[in-house]
Amino acid sequence: MITVFGEGRGFRVVWLLEEMGLPYRLRGVDLLTGVENDPEFLAINPAGFIPALQDGDVVMVESIAIMEYLIARHGPTPLAPAPNDPAFPAYQQFLHLGEAGLAGSMYFVSGARNIAPEGQRDNWSARQALDVFTTRLTLVTRQLKRSPFLAGEAFTAADISVGYALEMAKKNVGFEFGDLELAYLTRLRARDGYQRALATCHATRGWWQS
């Protein structure tokens, strides 16, 4: 049985598992109470961040790496175009942009806006991170002008990667998207796999629907 530890970016992993039809269990990790009180989880990931994945003897962290592992180990799946497919370069680019350029940047903006002391909530680093997110978002917008999904006409794991990052930006810092991005999010939310993942991820559902 595949076990996913933690929500947050673990939502990406659960969503992918639902889209692939793979059995799994979600094991919650409460970061607010402190992972030092969760020795079972620390035995899986001593660095103490989520998500983590256990698949038999395999243990992995980092949501995009986990997604690539699941696709390679438990595929093939149409969620990942083959390397010789014309859609593959865009797929690969946006799969990683969803974290490296978007969610990774928004993480620091969110921390500053929601957790930092009042006088530090608009500091230089937070503004820089927001600028990184905003400039990288132009790549998403340009692609959505060309096709309904980021790798072309078909939904792929790249949309899971980027879709999570956009949801994070919208909910955590109130980022205002244009009509094109909002219509894209509507398409993603309508998917059965998304809905099943959201039903499983109680903390995420409460966060996004509050």
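**Exercise 1. In this predicted model, find which residues Leu70 is in contact with, leaving aside neighbours within four places in sequence.**

*Solution.*
Step 1: Click on Leu70 and skip its neighbours within four places in sequence; what's left is Ile2, Val13, Leu16, Leu17, Met20, Leu53 and Gly75.
Step 2: Now place Leu70 in a wider setting. The largest nonpolar core has 58 residues, and Leu70 is among the five that touch the most other members, along with Phe11, Leu16, Phe133 and Val140.
Step 3: Ask which elements build this core. Strand 1 (2–5), helix 1 (10–20), helix 3 (63–74), helix 4, helix 5 (124–146), helix 6, helix 7 (179–189) and helix 8 (192–200) each supply at least two residues. Helix 6 gives the most, with 10 residues.
Step 4: Don't stop there, as a second, separate core of seven residues turns up too, including Val29, Val35, Ile44 and Ile50.
Here's the general idea to remember: in soluble globular proteins, nonpolar side chains tend to be buried together.

**Exercise 2. Describe how helix 3 and helix 4 pack.**

*Solution.*
Step 1: Two packed helices are described by the angle between their axes and the distance between the axes.
Step 2: Fill in the values: the angle between helix 3 and helix 4 is about 145°, and their axes are 9 Å apart.
Step 3: List who makes the contact. Helix 3 brings Ser63, Ile64, Met67, Glu68 and Ile71, while helix 4 brings Tyr91, Gln92, Leu95, His96 and Glu99.
Step 4: Sort the residues of this contact by class, and you get five nonpolar, three polar and two charged.

**Exercise 3. Where do the cis peptide bonds from Ile50 to Pro51 and from Gly75 to Pro76 sit?**

*Solution.*
Step 1: Check the bond from Ile50 to Pro51: omega is near 5°, and the bond is cis. Pro51 belongs to the loop between helix 2 (39–44) and strand 3 (52–55).
Step 2: Do the same for the bond from Gly75 to Pro76, which is also cis with omega near 5°. Pro76 sits in the loop between helix 3 and helix 4.

**Exercise 4. Is Gly10 buried or exposed, and what does Gly10 touch?**

*Solution.*
Step 1: Find Gly10 in helix 1.
Step 2: Its relative accessible area is 0%, so Gly10 is buried.
Step 3: Not counting residues up to four places away in sequence, Gly10 touches Val4 and Pro51.
Step 4: For a sense of distance, try Asp38: Gly10 and Asp38 are 28 residues apart in sequence and 17 Å apart in space, C-alpha to C-alpha.
Step 5: Now try Glu62, in the loop between strand 4 (58–61) and helix 3. With a relative accessible area of 44%, Glu62 is partly exposed. Its phi is near 75°, a positive value in a residue other than glycine.

**Exercise 5. What lines the largest pocket?**

*Solution.*
Step 1: Start with the space: the largest pocket holds about 1,100 Å³.
Step 2: Look at the lining of 28 residues; Gly8, Leu31, Ile50, Tyr107 and Tyr164 lie nearest the centre of the pocket.
Step 3: Pick out the elements that give two or more residues to this lining: helix 4 (88–114), helix 6 (157–173) and helix 9 (202–209). Helix 4 gives the most, with five residues.
Step 4: Sort the lining by class, and you have 13 nonpolar, 10 polar and five charged residues.

How values were computed:
Residues are numbered from 1 along each chain as its sequence is written. This is a predicted model: local features need pLDDT of at least 70, side-chain atom pairs count only at pLDDT 80 or more; totals for chains, interfaces and linings use all residues. Side-chain values use heavy atoms; hydrogens and water are left out. On a 1 Å grid over the protein atoms alone, a cavity is a set of points where a 1.4 Å probe fits but cannot get out, and a pocket is an open set with protein on both sides within 12 Å along at least five of seven lines; lining residues have an atom within 4 Å of a point. Grid points are joined across faces, edges and corners, and a volume is the space filled by probe spheres set on the points. Helices (H or I, at least four residues) and strands (E, at least two) are DSSP runs, numbered from the N terminus. Ala, Val, Leu, Ile, Met, Phe, Trp, Tyr, Cys and Pro count as nonpolar, Asp, Glu, Lys and Arg as charged, and the others, Gly among them, as polar. A nonpolar core is a set of buried Ala, Val, Leu, Ile, Met, Phe, Trp, Tyr and Cys residues joined through side-chain atoms within 4.5 Å. Buried means under 20% relative accessible area, exposed over 50%, partly exposed in between (1.4 Å probe, protein chains only). Contact means heavy atoms within 4.5 Å. Axes are lines fitted to C-alpha atoms, for helices over the stretch in contact, and angles run from 0 to 180 degrees between N-to-C directions.
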